[in-house]
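Here are my notes on the model you sent. They go from the whole chain down to single residues.

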Amino acid sequence: AVVSTQSGHYAGEFRHINEKLYTTTGEEALEMFSKKPELFEIYHRGFTNQVEKWEVNPVDRILQIIQKLGEDKVIADFGCGDAKIAQTLQNAVFSFDLVKHNEHVIVANSSKVPLGDKSVDIAVFCVSLMGTDFKDFIREARRVLRPKGRLIIAEVTSRISDITEFVNGVEELGFANLEKNEPNNYFVELIFKKTKPKENKGKFESLALKPCSYKKR
């Protein structure tokens with residue numbers, strides 16, 4: 001997937017960091033940002049500029065979904081960026097990312113977050129299934145979700161070759177798809193409920209997502 005971003009002196013660095021995030025594991029990305037936190041600032045600035053061009057910001061739609069589910073729901077926000085969910089809602093929100101962008105963020109690799117089993121009601125991935133080990137992120141979300149908890153995924157549509165296969169793969173891990181929305185040509189929005197794992201047919205293990213690359217306009 002190729003998405004345009006504004007030109008600027010940091011554009012080349014932003015594209016390089018973006019490529020690294022899609023081609024390394026979460027642990028490797030955490031190490032990269034730990035050594036050079038300024039790289040996260042470059043990435044976050046470039047990503048924020050991109051979001052401002054989108055007709056619909058997927059995190060705003062996710063906020064609406066969570067508000068309907070209620071203020072009593074505990075949320076884990078994986079790859080939270082500036083932690084907009086925590087800053088907007090009254091819910092208890094655990095916001096995880098690779099760098100502590102503000103006081104709401106807990107530094108953690110999404111494949112291993114500091115939460116107990118079955119401790120949250122909602123797990124969110126808003127354009128954050130980025131590492132080569134993204135399947136471990138989804139496994140971790142399932143671990144921390146309570147029975148019948150909700151998994152909300154918003155992802156760039158062009159990253160998913162076959163949406164049905166992707167949904168089937170996630171369901172195989174132990175989820176049931178409740179909603180599949182495509183609010184525009186850019187994004188797909190998926191809502192799952194935690195269930196018992198299905199018979200393993202290899203669909204989850206074979207899941208793949210294409211990198212999302214950025215170019216100058």
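1. **Secondary structure.** Helices here are DSSP runs of H or I with at least four residues, and strands are runs of E with at least two. The model is predicted. By that count, the protein chain has seven helices and nine strands.

2. **Overall shape.** The radius of gyration is 16 Å, close to the 17 Å that the globule rule gives for 217 residues, so the chain is as compact as a globular protein of that length. Along the principal axes, the C-alpha trace spans about 50 × 35 × 35 Å.

3. **Burial and contacts.** How much of the chain is buried? The share is 52% of the 217 residues. Look also at the contacts with a separation of 6 or more: 67% of them join residues 24 or more positions apart.

4. **Surface and charge.** The accessible surface is about 10,500 Å². Carbon and sulfur atoms hold 47% of that area. The chain carries 32 positive and 31 negative charges. The mean positions of these two sets lie 3 Å apart.

5. **Aromatic pairs.** The count of aromatic pairs is nine. One of them joins F33 and F40. Their rings sit 5.3 Å apart, centre to centre, with 90 degrees between the planes. That makes the pair edge-to-face, because angles over 60 degrees count as such. Both partners are buried: F33 has 2% relative accessibility, and F40 has 4%.

6. **A second pair.** F47 and W54 are also edge-to-face. Here the centres are 5.7 Å apart and the planes meet at 80 degrees. F47 is buried at 17% relative accessibility. W54 is buried too, at 10%. F47 falls under the cut-off, because buried means under 20% relative accessible area.

7. **The ring cluster.** Which residues do ring pairs link into a cluster? They are F14, Y43, F47, W54, Y186 and F187. The F47 and W54 pair from the previous point is therefore part of this cluster.

8. **R142.** This arginine is in helix α6, which covers residues 134-144. Is R142 buried or exposed? R142 counts as buried, because its relative accessibility is 18% and the cut-off is under 20%. Leaving out residues up to four places away in sequence, R142 touches L173, G174, F175, K194, T195, K196 and P197.

9. **R142 and A208.** These two residues are 66 residues apart along the chain. Their C-alpha atoms are separated by 18 Å. A208 is not among the residues listed as touching R142.

Definitions and conventions
Residues numbered from 1 in each chain as written. Predicted model: local features only at pLDDT ≥ 70, side-chain atom pairs only at ≥ 80, totals over all residues. Heavy atoms only, no water. Rg over C-alpha atoms; globule rule 2.2 N^0.38 Å. Buried < 20%, exposed > 50% of the residue type's maximum accessible area, 1.4 Å probe, protein only. Contact = heavy atoms within 4.5 Å. Areas by Shrake-Rupley, 256 points an atom, 1.4 Å probe, with all protein chains shown as cover. Lys, Arg positive; Asp, Glu negative; His and termini not counted. Charge placed at Lys NZ, Arg CZ, Asp CG, Glu CD. Phe/Tyr/Trp six-rings, centres within 6.5 Å; stacked < 30°, edge-to-face > 60°.
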